[in-house]
Amino acid sequence: MGISSEMRESWAKRRESLLIASAFEEDRIRKSRECTQEGVRAGTKAAAIACVASAIPTLVAVRTIPWAKANLNYTAQALIISAASIAAYFITADKTILACARRNTHYDKSA
């Protein structure tokens, strides 16, 4: 079972374009990739910081506050910590990518 070599070769040929990208288009693609990588790096840093910033108070609260001790099981604790991390990642990555895109945008000033 699997994809035959003939089908694999036809799909590979189909992906190759007859058009050749100009230097300007290649530069735009490169800048787009750099913006994405920059966003991922910034998002990862923010998620790590948010993880620590939300884990410490959550774990302290579960061990000291009676209501939290009774109502927040391990799953709830993990959800609180991961929700903060995920939100921080996506918000920071989005803002970073948009800021990078704005920096790389060239407006026609003659119009």
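Asp 94 has its place in helix H4, in a model that is predicted. Its chain comprises four helices and zero strands, and this briefing follows the pairing of H2 with H4, whose axes come within 6 Å. Three residues are then described in turn: Asp 94 and Thr 92, both found in H4, and Ala 42, found in H2.

**Chain overview**

- The order of elements, read from the N terminus, is α-α-α-α.
- The chain has 111 residues, of which 19% count as buried.
- The exposed area of the chain is about 9,200 Å², and carbon and sulfur atoms supply 64% of that area.
- Among contacts in the chain with a separation of 6 or more, 75% are accounted for by residues 24 or more positions apart.

**Packing of H2 and H4**

- Two packed helices are described by the distance between their axes and by the angle the axes make.
- Helix H2 spans residues 23-64, while helix H4 spans residues 74-104.
- The axes of these two helices come within 6 Å and cross at roughly 155 degrees.
- H2 is therefore roughly antiparallel to H4, because an angle over 145 degrees counts as roughly antiparallel.
- By class, 19 nonpolar, 11 polar and three charged residues make up the contact of H2 with H4.
- The handedness of the crossing of H2 and H4 is right-handed.

**Asp 94 in H4**

- Asp 94 has a relative accessibility of 44% and so counts as partly exposed, since that class lies between the limits of 20% and 50%.
- Along the chain, Asp 94 and Thr 36 are 58 residues apart, and their C-alpha atoms are separated by 9.2 Å.

**Thr 92 in H4**

- Thr 92 is also located in helix H4.
- With a relative accessible area of 24%, Thr 92 is partly exposed, because buried would require a value under 20%.
- Leaving aside residues up to four places away in sequence, Thr 92 touches Ala 42, Gly 43 and Ala 46.
- For one of these partners, Gly 43, the C-alpha separation from Thr 92 is 5.0 Å, although the two residues are 49 residues apart along the chain.

**Ala 42 in H2**

- Ala 42 belongs to helix H2.
- The relative accessible area of Ala 42 is 22%, and the residue is therefore partly exposed.
- Ala 42 touches Thr 92 and Thr 96, again not counting residues up to four places away in sequence.
- Between Ala 42 and Tyr 89 the C-alpha to C-alpha distance is 7.8 Å, and the two are 47 residues apart in sequence.

**Linking the residues to the helix pair**

- The contact between Ala 42 and Thr 92 joins a residue of H2 to a residue of H4.

Methods: Residues numbered from 1 in each chain as written. Predicted model: local features only at pLDDT ≥ 70, side-chain atom pairs only at ≥ 80, totals over all residues. Heavy atoms only, no water. Buried < 20%, exposed > 50% of the residue type's maximum accessible area, 1.4 Å probe, protein only. Contact = heavy atoms within 4.5 Å. Areas by Shrake-Rupley, 256 points an atom, 1.4 Å probe, with all protein chains shown as cover. Axes fitted to C-alpha atoms, helices over the stretch in contact; angles between N-to-C directions. Parallel < 35°, antiparallel > 145°, perpendicular 65-115°, else oblique. Left-handed = near helix turned anticlockwise from the far one by under 90°. Nonpolar A, V, L, I, M, F, W, Y, C, P; charged D, E, K, R; others polar.
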